[in-house]
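Ready for a short tour of a protein and the molecules it holds? Have a look at the picture first, and then we'll walk through it together.

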Amino acid sequence: VDDLHSIRKVLEIHKDQLELTQQQLLQLKHITNKKYGPSLPTIYAVTPTYWRHVQKAELTRISQTLQLVPNIHWIVIEDSDAKTDLVRNLIVESNLVVTHLNAKTPPFEQLKDKDPRWKRHRGVEQRNAALKWLRENLVLNKDKGVVYFMDDDNTYNIKVFQEMIKVKKVGVWPVGLVGGLNAETPILDGKTGKVKGYKSGWMPNRPFAIDMAGFAINLDLILIKTDATFSYKMEKGYQESEFLSYFITKEELEPLADNCTKVYVWHTRTEKPVVHGVVPGLEV
Ligand code: UGA
Ligand code: MN
């Protein structure tokens with residue numbers, strides 16, 4: 001621990017001479033933390049994001065939540081042809097360890113012709129880009145962590161991150177304000193404590209009737225099951241269920257958040273603001 005403190009001191013003092021950016025300094029801290037500190041698994045928080053007037057507000061909210069969480073590696077994937085300065089600036093200011101990617105969702109019409117049952121899924125392209133990055137850059141049995149699909153518009157209590165680092169395979173918990181209910185939640189068997197079903201406003205009989213915000217997956221599984229991806233072919237509302245089916249059975253799910261009695265994440269949706277004019281020169 002003393003070692004770690006002196007390394008950090010040296011890094012702080014020499015920051016200017018070394019011409020390290022704040023971001024690089026944090027990355028080094030992250031590395032020393034892993035080497036010398038308590039070996040908490042890294043949380044890979046995967047956030048698809050796209051341009052709209054509230055984008056910076058949403059990303060500010062969740063990046064500042066993440067600043068309260070140790071061992072976060074934030075993977076931000078822009079739904080765009082190129083990375084934007086708005087997101088780039090926000091990432092630099094966040095002081096978080098971040099991987100910044102972009103992956104544009106193909107035009108809606110293109111896919112509609114192919115498959116009449118196809119409905120627009122959000123975040124597919126972006127989450128797949130993140131999965132690809134994880135599989136190309138992390139090493140099974142060497143890198144330890146959990147993967148959490150963290151949409152940019154939800155509201156997160158930092159306790160949800162303390163829960164997910166316990167995940168051995170797939171952990172699950174309730175999600176507030178979703179599916180036409182005040183919350184969706186796995187239902188536990190009183191005797192075994194295992195998940196026996198779901199309280200869900202929509203199709204509770206899905207194999208996994210869980211919103212994207214209601215589960216985290218051990219990185220090992222992501223690295224082993226390389227064929228597991230999201231797809232436009234998945235039926236509307238089945239993305240989570242079909243994705244989880246690659247990894248696990250219902251009986252193996254690990255109920256967290258006090259046996260699914262606590263709500264630590266809310267599926268909030270931000271009202272689209274009326275914008276009549278744009279002030280030039282302001283990044284909003
Ligand atoms: C629900 C689920 O909570 C999502 O995880 C799921 O992807 C989505 O349904 C779905 O069925 O596809 P919802 O609130 O309806 O979520 O979706 P959004 O929050 O609008 O989008 C989910 C994520 O994708 C967000 O992080 C958003 O920024 C991103 N997104 C959305 C894009 O990258 N591009 C888009 O065009 C739209
Ligand atoms: Mn949403």
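Below, we start with a bound ligand and its surroundings, then move on to a metal ion. One thing to keep in mind as you look around: this is a predicted model.

Let's begin with ligand 1, which sits in the largest pocket. There are 20 residues around ligand 1, and the ones that come nearest are Pro48, Asp79, Arg122, Asp151 and Asp211. What kinds of residues make up the shell, by class? Charged residues number 11, alongside six polar and three nonpolar ones. Try tracing where the shell comes from along the chain: strand 1 (42-49), helix 7 (124-137) and helix 10 (239-245) each give at least two residues to it.

Now zoom in on some individual contacts. The side chain of Asp151 has an N or O atom 2.7 Å from an oxygen atom of ligand 1. For Asp153, the matching distance from a side-chain N or O atom to a ligand 1 oxygen is 2.9 Å. Arg269 joins in too, with a polar side-chain atom 3.3 Å from an oxygen of ligand 1. How much of ligand 1 does the protein bury? On its own, ligand 1 would expose 690 Å², and the protein buries 92% of that.

Hang on to Asp153, since the manganese ion (ligand 2) brings us back to it. Two OD entries of Asp153 coordinate this ion, at 2.2 to 2.7 Å. And where is Asp153 found? Look in the loop between strand 4 (145-149) and strand 5 (155-156). So that's a residue to click on twice: Asp153 coordinates the manganese ion, and its side chain also has an atom 2.9 Å from an oxygen of ligand 1.

Technical notes:
Residues numbered from 1 in each chain as written. Chains lettered and ligands numbered in written order. Predicted model: local features only at pLDDT ≥ 70, side-chain atom pairs only at ≥ 80, totals over all residues. Heavy atoms only, no water. Donors = N, O, S within 2.8 Å, 3.2 Å for Na, K, Ca; no water. Helix = DSSP H or I, 4+ residues; strand = E, 2+ residues; numbered from the N terminus. Near = heavy atom within 4 Å. Polar contact = N/O pair within 3.5 Å; in protein donor to acceptor, adjacent residues only side chain to side chain. Areas by Shrake-Rupley, 256 points an atom, 1.4 Å probe, with all protein chains shown as cover. 1 Å grid on protein atoms, 1.4 Å probe; cavity = no way out; pocket = protein on both sides within 12 Å on 5 of 7 lines; lining within 4 Å. Sits in = over half its atoms within 2 Å of the grid points. Nonpolar A, V, L, I, M, F, W, Y, C, P; charged D, E, K, R; others polar.
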